[in-house]
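User: I am new to this structure and would like each term set against its definition. Please show it, and then I will ask.

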Amino acid sequence: MKGKKESKTVVQEAWIKELVLKNPAKYLLIDDIVSKHKNMEGSLLPILHDIQFEFGCVEDETKRYLANVLNLTRAEIQGIVSFYHDFANAPSPLPIIKLCGAEACQARGYRKLRDEIGVVANGRCQIETVYCLGLCSAGPSAMIGSDVHAQLNTEKLRHLIEAL
Ligand code: FES
């Protein structure tokens, strides 16, 4: 029994070394993210959010790596990634615009903006609806990359899209 466990550990270590050697900077950053959150309760969600923010997705390789370092199953991680709309399995080929569709932004014109921006974007970017970007009193708001923009109208958003 002990021998079997040891051989599994050796296989895991070899697999991890191989993965890390392929892209050391990526796994160094993932290790930093894991270290930052691992001692808090419910650490998986903030870890996945940080990974999504840094890499634009949570790839299968990353899920496998996380499962190993967090002592979880890949199914547990896949379950979270597929449940929450914020996480993607692969990077988007298009820039992503996250439009806030929460209550305050709805009251300030989210629907009109969403309807018009699809035409303006004309397939140049991916439009997603998110719920509250923290600028409720200055909506409608949107997030492009790591920048949040407030008091948007179609014209302002058109300029932002053209600058992408
Ligand atoms: S409701 Fe849109 S930013 Fe909060």
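User: What makes the crossing of α3 and α4 right-handed or left-handed?

Analyst: The crossing of α3 and α4 is right-handed. That word applies if the near helix is turned clockwise from the far one by less than a right angle, and left-handed applies if the turn is anticlockwise. The two axes come within 13 Å and cross at roughly 145°. Axes here are lines fitted to C-alpha atoms, for helices over the stretch in contact, and angles between N-to-C directions run from 0 to 180 degrees. The model is a predicted one, in which local features need pLDDT of at least 70 and side-chain atom pairs count only at pLDDT 80 or more, while totals for chains, interfaces and linings use all residues. Residues are numbered from 1 along each chain as its sequence is written, and side-chain values use heavy atoms, with hydrogens and water left out.

User: Which residues of α3 and α4 meet?

Analyst: From α3 come L44, I47, L48 and I51, and from α4 come T62, L66 and L70. Contact means heavy atoms within 4.5 Å.

User: How do you know that the length of α3 is close to what is expected?

Analyst: α3 covers residues 44–55, 12 in number, and reaches 16 Å from its first C-alpha to its last. The expected span is 1.5 Å times one less than the number of residues, and for α3 this comes to 16 Å, so the two agree closely. Helices are DSSP runs of H or I with at least four residues, strands are runs of E with at least two, and both are numbered from the N terminus.

User: Which residues of α3 are called buried, and what do the buried residues pack against?

Analyst: L44, P46, I47, L48, I51 and Q52 are buried. Buried means under 20% relative accessible area, exposed means over 50%, and partly exposed lies in between (1.4 Å probe, protein chains only). The buried residues of α3 pack against α2 (24–37), α4 (60–70) and α5 (74–83). Just after α3 comes G56, with a positive phi near 80°.

User: Why is K26 called buried?

Analyst: K26 has a relative accessible area of 8%, so it falls on the buried side of the cut-off. K26 sits in helix α2. Beyond its neighbours within four places in sequence, K26 is in contact with F55, E59, E61 and T62.

User: What makes the link between the side chains of K26 and E59 a polar contact?

Analyst: The distance is 2.9 Å. A polar contact is a pair of N or O atoms within 3.5 Å; within protein, one must be able to donate a hydrogen and the other to accept it, and residues adjacent in sequence count only if both atoms are side-chain atoms.

User: Is K36 buried or exposed?

Analyst: K36 has 58% relative accessibility, so it counts as exposed. K36 also lies in helix α2, and its C-alpha is 8.4 Å from that of I47, 11 residues apart along the chain.

User: What makes β2 and β4 edge strands?

Analyst: The open sheet has four strands in the order β2-β1-β3-β4, with mixed pairing. β2 and β4 each pair on one side only, which puts them at the edges. From one strand to the next the twist averages 25°.

User: How do you know that β1 and β2 pair?

Analyst: Two strands pair if DSSP finds at least two bridges between them. β1 and β2 have five bridges, in the parallel sense, and I97 stands opposite I127 in β2. β1 (residues 96–100) and β3 have three bridges, in the antiparallel sense. On that side, L99 has A142 as its bridge partner, and K98 stands opposite M143.

User: Why is β1 said to be largely enclosed?

Analyst: Four of the five residues of β1 are buried, so the rest of the structure largely encloses this strand.

User: What makes N122 and Q151 unusual entries in a list of positive phi values?

Analyst: Neither N122, with phi of about 45°, nor Q151, with phi of about 50°, is a glycine. N122 is in the loop between α7 (110–121) and β2, and its 62% relative accessibility makes it exposed. Q151 is in the loop between β4 (147–149) and α8 (154–162), and at 51% it too counts as exposed.

User: What is the form of the peptide bond from G139 to P140?

Analyst: That bond is cis, with omega near -5°. P140 lies in the loop between β2 (126–130) and β3 (142–144).
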